[in-house]
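Here is a brisk report on one protein model. Read it with the coordinates open.

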Amino acid sequence: MNVSVFEKDSIPKTYLKLSFPVVLGSLVSIIYNITDTFFIAQTQNTELVTGVSLCTPVFTLLMALGNIFGQGGNSVISRLLGQKNLSAAKKASSFCFYAALFSGFLLGFFLLSFRTPALKFLGADSTVFSYASDYYSVMALGAPLAVFSFVPMNLLRSEGMAVCSMAGTIGGSVINMLLDPIFIFHFRWGSAGAAAATVIGYLFSDLFYAAVILKKSRLLSLNLQNARISFPLIREITGIGASAALSNVTQSVAQVLTNQFLLPYGNLSIAAMGIAQKINLIVLLVITGFSFGGLPLIGYFFGGKQSQKLKRLIGFSFSFLLSVTAILSLLVFLGAPFLLSCFMADPSIIQAGTLMLRLQVFSMVFVAIALYITVFFQAVGRVKSTLLLSGSRQGFVFLLVLPLSAWLLGYLGVLWAQSISNMLTALAAIILFYRYRRGDQSL
């Protein structure tokens, strides 16, 4: 571990050193998905775009499973390092690597076994089923590679190796971007080609991460013999990680439900929403990167009982996050028509997508508030609070808001539902944080 990253540099400098690579890595990770949509959209085939858009929850599900062991392991290992328990940290990392790989194989088998009912649940009708099925099947076959990649991406940051974490993600994305036009247009593999390029990108990332861990890391282990850890530690990793997974899963559920409520308005509305969500995801991932970038530092200070440093870190990082979010949201709000036109030239999709995108970024400051507080609870090991907030914004709060707003406002109600959920979740997060502060006088 590079001690200077955690102990010697100023807190703002340390936070930015850890966060910027995470932000860049997060932005590049969505390129795995956005490049598929971009190149497929160049076919000007609305059904093909819709088929791939309907499979976005599959990508999110793979991320969710990886984050159980990636973010759960990051939180636990960071606190163990703060306590100077290096042996336990090494064993925890080995467990996370192999548990993720095994889980990826199980998920891939499950997805392939239930392909037809799953695609129908995602909203694939007869006009888009074949396109969606091709993309879905290849992603299911590559599930172990995808799930595994999220673990070293997170665990390397707990050791202060945020740049290496970013480099693996960027390398895989570059491979994806290079292969996409070859597979989609030259070989004419369509949506299957887009998925194949993504899976090969994950393979590159996995090989890169393995090389970094074997050659550079002093705290992470790929030795299977180290994977045996105590049940309480497994429970802590999976408990914290489950909150991250729950957030990803509820995101998938929210996308599926939104598409279901948009079905009466035609495939064009679903295609427009798919593109708008991809653009909005860029803003969301910047917010996520600056939130999770500070997680190892929060965990390290908390584990080492350095309360004054923890307070200064929270004050700076939270203010910085809100400022960046407000600026990005304004830029996307104003540039929505241009951003949508970069994907498809269809005026109807640009018009529909502009309204969708503007309503989504309208409430991103509230998302930042809720996400930062969720990450704080995750870093300090508050499992119940983390699970509650992770399941709120696109989970049970959204499940209540969506049908009610759709019933009251129709089409506009479907579009407003996520923003309303974001505001309510932010309010709940603020209440939980102040209750926690009253119980912990060191904050």
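## Helix α5 against helix α7

α5 passes α7 in a left-handed crossing. The model is predicted, and its helix axes can still be compared. The axes of α5 and α7 (residues 129-141) come within 8 Å. They cross at roughly 155 degrees. An angle over 145 degrees counts as roughly antiparallel, so α5 is roughly antiparallel to α7.

Which residues of α5 and α7 make the contact? From α5 come Gly-108, Leu-111 and Leu-112. From α7 come Tyr-136, Ser-137, Ala-140 and Leu-141. By class, the contact of α5 with α7 holds five nonpolar residues, two polar ones and no charged ones.

## Confidence

The protein chain has an average pLDDT of 86. Of its residues, 94% score at least 70. Confidence is highest in helix α5 (residues 86-113), with a mean of 94. It is lowest in helix α1 (residues 3-7), with a mean of 55. Where pLDDT is low, the predicted coordinates should not be read in detail.

## Helix α13 against helix α14

A second pair is α13 (residues 295-303) with α14 (residues 307-334). Their axes come within 8 Å and cross at roughly 155 degrees. α13 and α14 are therefore roughly antiparallel to each other. The crossing of α13 past α14 is left-handed.

On the α13 side, the contact uses Leu-297, Ile-298, Phe-301 and Phe-302. On the α14 side, it uses Lys-309, Leu-310 and Leu-313. Six residues of the contact between α13 and α14 are nonpolar, none is polar and one is charged. Lysine counts as charged, so the charged residue in this contact is Lys-309.

## Positive phi angles

Three residues with positive phi are set out below.

| Residue | Phi | Place |
|---|---|---|
| Lys-84 | about 65 degrees | loop between α4 (56-82) and α5 |
| Lys-305 | near 55 degrees | loop between α13 and α14 |
| Gly-160 | near 90 degrees | follows α8 |

Lys-84 is not a glycine, yet its phi is positive. Lys-305 likewise has a positive phi in a residue other than glycine. Are these lysines buried or exposed? Exposed means over 50% relative accessible area. Lys-84 has a relative accessible area of 55%, so it is exposed. Lys-305 is at 74% relative accessibility, so it counts as exposed too.

## Buried helix α8

How many of the 16 residues of helix α8 are buried? In α8 (residues 143-158), the count is 15. The helix is therefore largely enclosed by the rest of the structure. After α8 comes Gly-160, with its positive phi.

## Leu-233 and its partners

Leu-233 lies in helix α11 (residues 231-262). Its relative accessible area is 14%. Buried means under 20%, so Leu-233 is buried.

Which residues does Leu-233 contact, leaving aside its neighbours within four places in sequence? They are Val-76, Ala-88 and Ala-92. Leu-233 and Ala-88 are 145 residues apart along the chain. Their C-alpha atoms are separated by 9.2 Å.

Note on methods: Residues are numbered from 1 along each chain as its sequence is written. This is a predicted model: local features need pLDDT of at least 70, side-chain atom pairs count only at pLDDT 80 or more; totals for chains, interfaces and linings use all residues. Side-chain values use heavy atoms; hydrogens and water are left out. pLDDT is the predictor's confidence in each residue, from 0 to 100. Helices (H or I, at least four residues) and strands (E, at least two) are DSSP runs, numbered from the N terminus. Axes are lines fitted to C-alpha atoms, for helices over the stretch in contact, and angles run from 0 to 180 degrees between N-to-C directions. Angles under 35 degrees count as roughly parallel, over 145 as roughly antiparallel, 65 to 115 as roughly perpendicular and the rest as oblique. A crossing is left-handed if the near helix is turned anticlockwise from the far one by less than a right angle, and right-handed if clockwise. Contact means heavy atoms within 4.5 Å. Buried means under 20% relative accessible area, exposed over 50%, partly exposed in between (1.4 Å probe, protein chains only).
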